[in-house]
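Here is a short briefing on a ligand site and one aromatic pair. Look at the structure first.

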Amino acid sequence: MQLKYSVRGAELSDLYKIMVLYRAIAARSGGIARQADEITEAHVRNFIERCHEKGIILVIEDPSNPETLIAEVHTCSPGIRVFSHLFSDLTIAVHPDYQGKGIGSLLFRTLLQEIESKHPEIIRVELVAKESNQKAIRFYKKFGFRAEGRLEKRISGKTGELEADIPMAWVRQEQGPPF
Ligand SMILES: CC(C)(COP(=O)(O)OP(=O)(O)OC[C@H]1O[C@@H](n2cnc3c(N)ncnc32)[C@H](O)[C@@H]1OP(=O)(O)O)[C@@H](O)C(=O)NCCC(=O)NCCS
């Protein structure tokens with residue numbers, strides 16, 4: 001992994017840069033649930049604000065053009081007391097031109113280390129990946145996440161066919177920090 005990439009917390013002022021990143025991913029490589037025209041300002045503002053309230057949101061800038069973001073990850077609390085020990089809705093996205101270079105791993109490792117060091121109350125981190133996104137599923141397993149089932153015909157693919165979503169979680173007591 002090149003040392004030139006560095007991870008920082010996202011600010012509300014990153015809103016439009018995150019929109020641009022997510023739209024590029026939705027249009028070119030897929031993997032995230034929303035299509036490009038569904039990545040609205042309201043949606044991005046909502047998850048930035050929720051993560052600032054209780055959660056984590058991290059980004060990596062393009063070292064040759066810091067105005068552009070090449071990767072983002074976020075996860076946050078569902079916001080009610082019975083779920084105060086978990087972070088959910090985890091999404092990670094690396095720009096298509098930068099995938100497969102270790103950038104996602106750098107970002108995800110940093111996220112998990114931050115949960116370890118700053119959020120001892122978080123026992124469980126959860127996400128959902130569609131079954132055909134084996135790249136992402138392998139990626140999450142590498143970091144200690146486990147598949148917890150199969151949500152049959154939950155999500156529609158590019159051509160409208162329905163496919164399964166795979167709920168996955170990292171549970172602190174089960175395995176300890178894998179990173
Ligand atoms: C999934 C994603 C975050 C991985 O980030 P990345 O920077 O491409 O991944 P890395 O280069 O750090 O690779 C880490 C692991 O991912 C998997 N991986 C990466 N590229 C892969 C490829 N082309 N094929 C299969 N697995 C791959 C491997 O498990 C790899 O482990 P290894 O380094 O031991 O081989 C990124 O590809 C992405 O943003 N995809 C589009 C959005 C998406 O699918 N998000 C997840 C939604 S659930």
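The points below cover the ligand, its surroundings and ring pairing.

This is a predicted model: local features need pLDDT of at least 70, side-chain atom pairs count only at pLDDT 80 or more, and totals for chains, interfaces and linings use all residues. Residues are numbered from 1 along each chain as its sequence is written, and side-chain values use heavy atoms, with hydrogens and water left out.

**Ligand contacts**
- The ligand has 21 residues around it (a heavy atom within 4 Å). Val94, Gly100, Gly102, Gly104 and Ser105 come nearest.
- A polar backbone atom of Val94 is 2.7 Å from a ligand oxygen atom (polar contact: N or O atoms within 3.5 Å).
- Gly102 places a backbone N or O atom 2.7 Å from an oxygen atom of the ligand.
- Arg138 has a polar side-chain atom 3.3 Å from a ligand nitrogen atom.
- The ligand alone exposes 920 Å², and the protein buries 74% of that (Shrake-Rupley method, 1.4 Å probe).

**Shell around the ligand**
- Strand S4 (86-94), helix H3 (103-118), strand S5 (124-130) and helix H4 (134-142) each give two or more residues to the shell (DSSP runs; helices H or I, at least four residues; strands E, at least two).
- H4 gives the largest share, six residues.
- The shell has nine nonpolar, eight polar and four charged residues, with Gly counted as polar.

**Aromatic pairs**
- The whole structure holds eight aromatic pairs (ring centres within 6.5 Å).
- The Phe108 and Phe143 ring centres are 5.0 Å apart with planes at 65°, so this pair is edge-to-face (over 60 degrees).
- Phe108 lies in helix H3 and Phe143 in the loop between H4 and strand S6 (146-147), so the pair ties together parts 35 residues apart in sequence.

Key. A polar contact is a pair of N or O atoms within 3.5 Å; within protein, one must be able to donate a hydrogen and the other to accept it, and residues adjacent in sequence count only if both atoms are side-chain atoms. Rings of Phe, Tyr and Trp (its six-membered ring) pair if their centres lie within 6.5 Å; planes under 30 degrees apart count as stacked, over 60 as edge-to-face and the rest as tilted.
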